[in-house]
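Please open the model in a viewer and keep the sequence panel visible. The tour below proceeds by selections, each followed by what is found there.

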Amino acid sequence: LIMFFSKKLKKFENIKHCFFSRKNGFSKGYYESLNCGLGSNDKKENILKNLELVSKKIGCKKESLITLNQMHSNHVIHFNNKTSVKNKLNGDSIVSGVRNIGISILTADCASILFYDPNKKIIGCAHVGWKGALNGIIKNTVRKFNDLNSNNNDLIAVVGPCIKKDNYEVKIDFFERFTYQDKNNEIFFEKVNDEKYKFDLRSFINKELSNLNIKNIDNIEMDTFSESEFFYSYRRSSFKKEKDYGRCISVILMT
C-alpha cells in the first residue's frame with residue numbers, strides 16, 4: 001500500500017494514522033484499486049476487502065474501522081465510550097476518546113483533517129470540502145474538543161491531500177457565497193475572468209485552523225486532481241465523463 005503520513009503525528013507511539021492512496025487494493029475499472037467508498041457503485045465485496053486491508057494496516061479489527069455517511073454538513077459525532085461507537089452514522093466529523101477504534105474520512109478532492117490532543121488523549125477526523133468548510137465543520141469539530149476541555153494550543157491538525165487551487169475552477173456564485181460570509185475570503189480566490197475564479201481550498205482550511213488559534217498544523221501537500229496515480233478525484237472523473245469515482249480513506253487510531 002502507498003501511504004502518506006504526518007511528521008507531527010508520527011512522533012506519538014500511541015497514535016496510528018495514515019492518508020491512504022488509491023494503490024494496491026482489490027477494485028477494478030474506475031475504482032482501481034483501494035476504493036473505500038461504500039457510497040460508490042463499486043462491487044461491495046471489493047470495497048469490504050479494501051476496508052479490511054486498511055484495518056489490518058492500521059491495526060484494528062475490521063468492525064472497529066469506522067466510516068461516516070458523509071453529507072457535507074457541519075455535524076460532529078462524539079464517541080465517548082465503546083458503546084457509543086457506531087458505523088455509518090450521518091455526519092462529517094468524529095471526535096473520539098475511545099482506544100483501538102480507527103475513525104476515518106473518505107475523500108475524492110475534499111480534504112480530510114486528522115486531529116490529536118496528546119494532553120487529553122482525544123483524536124478526531126473531519127471531512128472538509130467547500131460546503132463543509134463554509135458551513136463550519138472545522139469550528140464545530142474544534143468546539144467539540146473544547147467541550148472536552150481540550151486546549152487549542154495542544155491540538156495538532158493535519159490537512160490531507162486535496163484538490164489544488166490551479167485545478168479548482170469555480171463560478172462567480174461560488175465566489176459570492178464565500179465573500180458574502182466574510183469579505184476577507186476574497187484572498188482565497190484568483191480571478192480567471194468575469195464568470196470564473198480559482199479557489200484555494202487548502203489555504204482556506206489552514207486559515208480557519210489558524211483563526212481557531214491552532215498553531216500545530218501539518219499539511220500533506222498533494223493534489224488529488226493531477227496526481228491521478230495516487231488519488232481519486234470527483235472533478236477529474238467528471239471531466240473525463242466517467243460514470244463514477246472511488247474514494248480514498250484517511251484514518252487515525254489511538255492505542
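Two residues are in contact when they have heavy atoms within 4.5 Å of each other. The model is a predicted one.

**Stop 1: the largest nonpolar core**

Select Phe 199 and display its surroundings. Beyond its neighbours within four places in sequence, Phe 199 is in contact with Trp 130, Lys 165, Tyr 168, Val 170, Phe 174, Phe 178, Phe 188, Phe 189 and Phe 204. Next, add Phe 115, Phe 189, Ile 205 and Leu 209: together with Phe 199, these touch the most other members of the largest nonpolar core, which has 36 residues. At least two residues of this core come from each of strand 7 (111-117), strand 8 (122-128), helix 3 (130-135), helix 4 (137-147), strand 9 (156-159), helix 5 (172-181), strand 12 (196-199) and helix 6 (201-211). A separate, second core contains 29 residues, among them Ile 101, Phe 230, Phe 231 and Cys 248.

**Stop 2: helix 6**

Now select helix 6. Its buried residues are Leu 201, Arg 202, Phe 204, Ile 205, Asn 206, Glu 208 and Leu 209. Continue just past the helix to Asn 213, where phi is positive, at about 60°.

**Stop 3: the largest pocket**

Select His 72, Ala 108, Cys 110, Trp 130 and Tyr 234, which lie nearest the centre of the largest pocket among its 35 lining residues. Two or more lining residues are given by each of strand 6 (102-107), helix 3, strand 10 (169-171), helix 5, strand 12 and helix 7 (234-239). The space in this pocket amounts to about 970 Å³. Coloured by class, its lining shows 14 nonpolar, 9 polar and 12 charged residues.

**Stop 4: Phe 231 and the cavity**

Move to Phe 231, in the loop between strand 13 (216-219) and helix 7. Is Phe 231 buried or exposed? Phe 231 counts as buried because its relative accessible area is 3%, under the 20% limit. Apart from neighbours within four places in sequence, Phe 231 is in contact with Phe 4, Arg 22, Pro 161, Met 222, Asp 223, Thr 224, Arg 236 and Cys 248.

Keep Phe 231 selected and add Thr 107, Pro 161, Cys 248 and Ser 250; these five lie nearest the centre of the largest cavity, which is lined by 13 residues. Strand 2 (15-20) and strand 14 (248-254) each give two or more residues to that lining, and strand 14 gives the most, with 3 residues. The cavity has a volume of about 70 Å³, and its lining divides into 8 nonpolar, 4 polar and 1 charged.

**Stop 5: two buried polar residues in loops**

Select Ser 33, in the loop between strand 2 and helix 2 (44-58). Ser 33 is buried, with a relative accessible area of 9%. Measure from its side chain to the backbone nitrogen of Gly 25: the distance is 2.8 Å. Not counting residues up to four places away in sequence, Ser 33 touches Arg 22, Lys 23, Asn 24, Gly 25, Phe 26, Ser 27, Asn 50 and Tyr 232.

Finally, select Asn 14, in the loop between helix 1 (7-10) and strand 2. Asn 14 is buried as well, at a relative accessible area of 17%. With neighbours within four places in sequence set aside, its contacts are Tyr 116, Lys 121, Leu 253, Met 254 and Thr 255.

Definitions and conventions. Residues numbered from 1 in each chain as written. Predicted model: local features only at pLDDT ≥ 70, side-chain atom pairs only at ≥ 80, totals over all residues. Heavy atoms only, no water. Core = buried A, V, L, I, M, F, W, Y, C linked by side-chain atoms within 4.5 Å. Buried < 20%, exposed > 50% of the residue type's maximum accessible area, 1.4 Å probe, protein only. Helix = DSSP H or I, 4+ residues; strand = E, 2+ residues; numbered from the N terminus. Polar contact = N/O pair within 3.5 Å; in protein donor to acceptor, adjacent residues only side chain to side chain. 1 Å grid on protein atoms, 1.4 Å probe; cavity = no way out; pocket = protein on both sides within 12 Å on 5 of 7 lines; lining within 4 Å. Points joined across faces, edges and corners; volume = space filled by probe spheres on them. Nonpolar A, V, L, I, M, F, W, Y, C, P; charged D, E, K, R; others polar.
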